[in-house]
Structures are given as C-alpha cells and as structure tokens.
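Here is a friendly briefing to read alongside the structure. Take a moment to look it over before going on.

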Amino acid sequence: MTYRRLAVLLAASLTPLALSAPAAQAATPATPFDFNGDGRADLAIGAPGATVGGKAKAGAVSVVYGSSTGLKSSTYKLITQNTAGIPGTAETDDAFGSALASADLNRDGYADLVVGTPGEDLDGDTNDGMVAIVWGSKTGLSGGRELRNDNHRENDRYGKAVAAGDFNGDGTPEVATGSTGRFELNFVSGPFTRTGAFGGGNGGSMAGGSHPFSTSYGVEYLSSGDVMKRGFPQLIAHGRLDGTDDAVTTLVDGSIGNFNDWLVNLPAGYVSAVGDIDHDGYADIAVGNHRETSADPAGAKGGKVTVWYGGPDGHDSNRAPLVITQDTAGVPGAAETGDAFGSGVSLGDINGDTYADLAIGASGESTGAAATTGSVTVLYGSASGLTTKGATSYTQNTAGVPGADEKSDRFGGRTSLLDHTGDRRADLSVSAPGENSGDGAVWALRSTATGPTTSGATSFGPSTTGVSTAGSPGYGSTLGNS
C-alpha cells in the first residue's frame, strides 16, 4: 500500500491508500477479545517496558483466558516479537504492547488481537512504528501479520494508539492507528486475511480542526462505539492541543472519506471509554482527564471524568455533559491534588441490568501515609444516566483485595470491564503498573447482581504469565478494553 496526495483533499490533509479487490468474508463476527470463541472474553495485558531476549523495553503482551470462574492466570498466552509467527524481532525500545484493540478482522468467528509497537525501527527509520495483528482460533491466539506505516516519510510512532471495528459501515472491518507527524490518524480497511492484500484505506491530519492536534504528540489514544446509533462505531481520538501539552478530544465519523469535514469536539481528556449508560440505543462517552488545572486548563483538582451522552449528531443536545470528581455528591473520597482521578476509565454492564456502568481509576490516590497507591471507583448506569447511588471504591487495603497499598503502585492506572465468565455481567480488572518498583500487576474481581465482589478476587504479576521482571516492564500499562 502506498500513499497518494490528491489536490482535492489538500484542505483536510487526507490521503487515500491504493485499493485492492475485496474477498468474501463470513457474515457474523466474533465478540471482541473472545480469542478462542468460547463465549467468554479474554484479557490482553500490555507490558511495553518488558525485556525480551535481553532487549530492554522491547515489550510483551500476556493474554489471560476467561473461564466459568473468571480469569485463570494459569491459562495464558505470552506474545512478543520473538514468538513464532509474530511479525518482527524484539529490539530495544520497540514498546510492543503500547496499545491494544480487538475485532474479528478475518471474520472467522474468533476475535483477533491488534498490538501497537510505536518504537519499531523499519527500513532505517527510527521509531517508524508498526502494528501487529495476532489471529484468534479455537485454541486461542497464534500467528500474525504486519501493518506497516505506509507513510513513513510523514509519520512516526505508528501504533501508539489502535482501534478496530467497522468504522465506515460498509460491513468490513478497519484498523485505526494513531501516530505522530503530518497524518496522525490512519485507517487500513478490510477484508483482512492471513496472506492476501488489504482492502485499502486512508489517512488524515487532525491539525486542521477548530481544536488542532499537535503533530508532535499526534493521536495518543483511541476508543470507539456507536455514539450516533447508526449500526457501526465512531472513533474518539485523543491528542494534545497544538502548541501546548493540553488534552484535546474529538469524535470522528469514519464513514466520511474526508473525515476532517465533520468533527465533534468533546470534553478534553487523555483516555475514554464508550458504552450505553442509559440504554437509549446511543452509546455514551466517558472521558478521563487526570491532570490538575495548573497542568491542563480542562483538568480539575484531583482529576475528573466527563460523561458525554450520545445522540444523532454525536451528542444529546438536551443533556449537558456530566462532570464527576471525587467531590461530587455520592462519590467516595475527596478531591485532593495529585489523585489522578480519571487516569483509567472503562464501561460495561457489571450487574446485568442492561445499563453500562463506569469504573474510574485514580492512580495517584494516596491512602494513609503512602503516596500514589491508587484506587478504583465504580458508578452505575440507569435510565436517567449515570448515578452515584450505590457507588463503591476499592484499594489494595479493601477487605478481600489481594496485596497492600504501597507507595507508587498506581492501582487504577488502567481498568477493564469485560465478561470473562460468560454470565453476561462485566467483570472488573484493575492494573497497577507501578507495583513492585515498576514490575506491575493486575487484579481481577468477579461481578455479581450487586456489583464487583472481592470474594475470590485474584492478583497476578508479570512472572505469572511469562513476562520478565528485568528492568521495569510496567505490566498492565495497557489493558484490553481500556
């Protein structure tokens, strides 16, 4: 695939990719993150700082498979660039696992894993970046193929953000990739096969909108969901405002070839999650901004999360965005400088009532005399939207949660809500990438009709799933569905 500049698209800085003939594909795709097709989601855990084959910060991903009793850390797949069938070779500073996404890209009934490797050096270009597709199957993940940065003269760190889904509504999937440089958002279109040509794609600059993205930071985070109730997902792209390091967040409609012609500016933040909180058919967006106002004017003391309710034009014009801090009535705790409330966000139906619930990480929360130990708060969805009624908070000091609060653990750095048991309730996974001096760890809490339970909660670190603890692997720096 090669990029071509077209004069008609210069104003929006969009470039198309050459197309190839599509191939027939199965009609019913698998649920994302169900890599072995057993009806239970599996958890992908990124450790982009992991040492692999003696190469520091080459990066690794562990996939822990779901079961009827939840995540089983004894049943896992370790994936690195030294794993047979995975594109590339583990090299210093590759940062394999910096971003994770999932979709059934080849429509074979098994979800596939998309892994960003923004530090990959290719063809003499330092930090060119690369994305790997790892194929799902009845026995789990194995084999893969490479998505290259086909505009390497203009872009770097391809794969620092990834998302996967049918973003243009044509019935075939795409992979969306964030990078730095002139064209920060790129789409590679299906059909995807293990060896055949891709369907094409396009890429564009986010620097020309009313809230222009910095090309130096590029697109740093992507999430997606059907915010407009159109039967296919839209993208939420995060970057930094040009000339600053302040957050900027935008809703992108991938069905518009010249997508910069229509962008919706969202509350500014660094991460987001998408789900239908009020069950009205329009997915809603939770945007996390963990920074203080002294660091980002759109932040808040202790950090905040803003809920943006979806609607036909990308938002519900009859509802103002809901801003949540730890000073919001009903939210456990209190807003304190450095809490980093909103460092991790995820949406999923925890209690099985059809309303998406929200898990919010506060990785800078201090408990007792220990600093930046971290916490997670769970708020529940309802017909009227997100409510603080019944809100709960969890730390490593919570009864039943394994471990103990320690300085710089950053518990809540990332959160994930996926159904790992097949009971149609989303289970809560929480990472603490600073645990044990940067080793990192993950906690798994089963869901019940009344919310997450600490009964039977488990925790595991990198060595449990084959990741080296040399250096600071940062196990859990990324989690699938977060």
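What percentage of the 482 residues in the protein chain is made up of buried residues? In this predicted model, buried residues account for 60% of the 482. The notes below start with the whole chain and then turn to a run of neighbouring strands.

**Overall build**

- The secondary structure of the protein chain consists of 31 strands and 1 helix.
- The C-alpha trace spans about 60 × 50 × 40 Å along its principal axes.
- The protein chain has a radius of gyration of 20 Å, which agrees with a compact globule, because a globule of 482 residues would come out near 23 Å.
- Take the contacts between residues at least 6 apart in sequence: 55% of them join residues at least 24 apart.

**Surface and charge**

- The protein chain has an accessible surface of about 16900 Å², and carbon and sulfur atoms contribute 49% of that.
- There are 30 positive and 52 negative charges in the protein chain, and their mean positions lie 3 Å apart.

**Strand β22 and its partner β21**

- Strand β22 covers residues 357–362, and 6 of its 6 residues are buried, so the rest of the structure largely encloses this strand.
- In a regular strand, side chains alternate between the two faces of the sheet.
- In β22, Asp-357, Ala-359 and Gly-361 point one way, while Leu-358, Ile-360 and Ala-362 point the other way; all are buried.
- Strand β21 (residues 341–348) runs antiparallel to β22, and 6 bridges join the two.
- Within this pairing, Ala-359 in β22 has Ser-346 standing opposite.

**Strand β23 between β22 and β24**

- Which residues of β23 are buried on one side, and which on the other? Ser-375, Thr-377 and Leu-379 are on one side, with Val-376, Val-378 and Tyr-380 on the other, and both faces are covered.
- Counted along the strand, 6 of the 6 residues of β23 (residues 375–380) are buried, which makes β23 mostly covered.
- β22 and β23 run antiparallel and are joined by 5 bridges; Ser-375 in β23 is the bridge partner of Ala-362.
- On to the next pairing: β23 and strand β24 (residues 387–394) also run antiparallel, with 4 bridges joining them.
- Here Tyr-380 has Thr-387 in β24 as its bridge partner.
- A hairpin is formed by β23 and β24 with 6 residues between them, and Gly-385 in the turn has a positive phi of about 110°.

Note on methods: Residues are numbered from 1 along each chain as its sequence is written. This is a predicted model: local features need pLDDT of at least 70, side-chain atom pairs count only at pLDDT 80 or more; totals for chains, interfaces and linings use all residues. Side-chain values use heavy atoms; hydrogens and water are left out. The radius of gyration is taken over C-alpha atoms; the globule rule is 2.2 Å times the number of residues to the power 0.38. Buried means under 20% relative accessible area, exposed over 50%, partly exposed in between (1.4 Å probe, protein chains only). Contact means heavy atoms within 4.5 Å. Accessible areas come from the Shrake-Rupley method with a 1.4 Å probe; for residues, only the protein chains shown count as cover. Lys and Arg count as positive and Asp and Glu as negative; His and the chain ends are not counted. The place of a charge is taken as NZ of Lys, CZ of Arg, CG of Asp or CD of Glu. Two strands pair if DSSP finds at least two bridges between them.
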